[in-house]
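Hi,

Here is the structure I said I would pass on. Have a look at it first, and my notes follow underneath.

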Amino acid sequence: MTRSALRRVFRSDGAPALVNRVDRFALRLDASSVTPVPGIEGAIDVWGVATRSGVFDYSEEAPEGQTFREWRPPAEVFDEASLASLVGVPFTIDHPAVPVSSANFRDLANGFVMEVRVDGDLVLVRIRIATDAAKLAIERGIVELSCGYTARLDETPGLTPTGEAYDAVQREIR
């Protein structure tokens, strides 16, 4: 089966459907990045890397042993709407089997993304951690940041400006 047969899904109006992606980054903290939150006993704010621009490898939908490379251009990653879509997103421990909703929020959410900023090719987020379970997970080093998002996939292969090959381009990242 070819890559395009696997990935090309269209909506009823003929436009490409959105794809779901999760990109993972280790949440590494130093003491200088942890700030107690005034007025909320035990809550802390921490900064971490949420995502970056560049080429990412995805293998979940590929035939066994294959990987698809998708370019996340800076213009898409750092787009105002893309960055704004991160603010207010719940922070969870690990990846819940289901999306966070009003029905399961109390059980799954451990904080929120409060602020987003760009630093070079990275997107940094300030997360307000509000539970002891999340603070303990961070102290034990078992927490990673991973943005779950949707994007429109432009299946035009090519090379990035630095010469890195890719199979598709992520557009309208939210």
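Let me start with a question: is Phe-56 buried or exposed? Its relative accessibility is 7%, so Phe-56 counts as buried, the cut-off being under 20%. Before I go on, please keep in mind that this is a predicted model.

Phe-56 has company. The ring centres of Phe-56 and Tyr-58 are 6.4 Å apart and the planes make 15 degrees, so this is a stacked pair. The count of aromatic pairs comes to three. Tyr-58 is buried as well, because its relative accessibility is 4%. Each of the two rings also has an arginine over its face: Arg-21 sits over Tyr-58, 4.8 Å from the ring centre, and Arg-72 sits over Phe-56, at 5.0 Å from the ring centre.

Now for the overall picture. The protein chain has five helices and 12 strands. Of its 174 residues, 37% are buried. If you take the contacts with a separation of 6 or more, 58% of them are between residues 24 or more positions apart.

Next, the sheet. It is an open one, made of five strands in the order β2-β3-β8-β7-β6, with antiparallel pairing. Which strands stand at the edges? They are β2 (35–36) and β6 (90–92); each has a single partner strand, so one side of each has no neighbour in the sheet. Helix α5, residues 132–139, packs on the sheet and touches β3, β6, β7 (109–119) and β8. The direction of α5 makes about 130 degrees with that of β8.

If you want to trace the pairing residue by residue, start with β3 (residues 44–52) and β8 (residues 122–129), which run antiparallel and are joined by eight bridges. Ile-44 is opposite Ile-129 in β8, and Trp-47 has Arg-126 as its bridge partner in that strand. On the β2 side, two bridges join β2 to β3, again antiparallel. There, Pro-36 stands opposite Ile-44 in β3. Ile-44 therefore faces Pro-36 of β2 as well as Ile-129 of β8, given that the two strands pair with β3 through DSSP bridges.

The largest nonpolar core has 26 residues, and the ones with the most contacts inside it are Val-116, Val-123, Val-125, Ile-127 and Ile-129. Two or more core residues come from each of β1 (18–26), β3, β4 (54–58), β7, β8, α5 and β9 (144–154). Which element gives the largest share of this core? That would be β9, with five residues.

Val-125 is a good place to look around in the core. Leaving aside residues up to four places away in sequence, Val-125 touches Val-46, Trp-47, Gly-48, Ala-50, Leu-86, Val-113, Glu-115, Val-116 and Leu-145.

A few individual residues are also worth a click. Ser-53 lies in the loop between β3 and β4, and with a relative accessibility of 7% it counts as buried. Beyond residues up to four places away in sequence, Ser-53 touches Arg-72, Pro-73, Pro-74, Val-77, Phe-78 and Asp-121. Arg-72 in that list is the residue that lies over the face of Phe-56.

Then there is Glu-76, in helix α2 (residues 74–77). Is Glu-76 buried or exposed? Glu-76 is buried, at a relative accessible area of 17%. Its C-alpha atom is separated by 9.5 Å from that of Val-169, although the two residues are 93 apart along the chain. Again not counting residues up to four places away, Glu-76 touches Ser-82, Gln-170, Arg-171, Glu-172 and Ile-173.

One of those contacts, Glu-172, is found in the segment after β12 (168–171). Glu-172 is partly exposed, with a relative accessible area of 39%. What is phi of Glu-172 near? The value is near 50 degrees, which is positive in a residue other than glycine. For context, most residues other than glycine have a negative phi.

That is what I have so far. Happy to go through it together.

Best wishes

Technical notes:
Residues are numbered from 1 along each chain as its sequence is written. This is a predicted model: local features need pLDDT of at least 70, side-chain atom pairs count only at pLDDT 80 or more; totals for chains, interfaces and linings use all residues. Side-chain values use heavy atoms; hydrogens and water are left out. Helices (H or I, at least four residues) and strands (E, at least two) are DSSP runs, numbered from the N terminus. Contact means heavy atoms within 4.5 Å. Axes are lines fitted to C-alpha atoms, for helices over the stretch in contact, and angles run from 0 to 180 degrees between N-to-C directions. A nonpolar core is a set of buried Ala, Val, Leu, Ile, Met, Phe, Trp, Tyr and Cys residues joined through side-chain atoms within 4.5 Å. Buried means under 20% relative accessible area, exposed over 50%, partly exposed in between (1.4 Å probe, protein chains only). Rings of Phe, Tyr and Trp (its six-membered ring) pair if their centres lie within 6.5 Å; planes under 30 degrees apart count as stacked, over 60 as edge-to-face and the rest as tilted. A charge sits over a ring if NZ of Lys or CZ of Arg is within 6 Å of the ring centre and within 35 degrees of the ring normal.
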